Amino acid sequence: MHRSANHKILAGVCGGIADSLGVPPTLIRVLWLILSLFPGPMWVAYVLLWIFMPKAPSARY
């Protein structure tokens with residue numbers, strides 16, 4: 001799993017998760033936003049994924 005370079009709004013975390021699962025990035029972003037409204041460490045999880053999830057390798061042509 002890598003942070004997405006193509007489906008990136010903030011850090012590419014949701015885009016990378018969506019690419020790994022084969023679903024639209026918007027679906028993951030909406031689910032993440034909904035889960036962030038409930039009590040829990042979703043924002044902490046996002047920051048940790050931002051730090052520890054590697055960037056997607058750049059495509060060379």
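Which residues lie nearest the centre of the largest pocket? In this predicted model, local features need pLDDT of at least 70 and side-chain atom pairs count only at pLDDT 80 or more, whereas totals for chains, interfaces and linings use all residues. Residues are numbered from 1 along each chain as its sequence is written, and side-chain values use heavy atoms, with hydrogens and water left out.

The residues nearest the centre of the largest pocket are L10, C14, R29, W32 and Y46, out of 15 that line it. A pocket is an open set of points on a 1 Å grid over the protein atoms alone, where a 1.4 Å probe fits, with protein on both sides within 12 Å along at least five of seven lines, and lining residues have an atom within 4 Å of a point. The volume of the largest pocket, the space filled by probe spheres set on the points, is about 220 Å³. Helices α1 (13-21), α2 (25-37) and α3 (42-52) each supply at least two lining residues, helices being DSSP runs (H or I) of at least four residues, and α2 gives the most, with 4.

The axes of α1 and α2, lines fitted to C-alpha atoms over the stretch in contact with angles from 0 to 180 degrees between N-to-C directions, come within 8 Å and cross at roughly 125°. The two helices are therefore oblique to each other, a class left after under 35 degrees (roughly parallel), over 145 (roughly antiparallel) and 65 to 115 (roughly perpendicular). In this contact (heavy atoms within 4.5 Å), C14, G15, I17, A18 and L21 of α1 meet P25, I28, R29 and W32 of α2.
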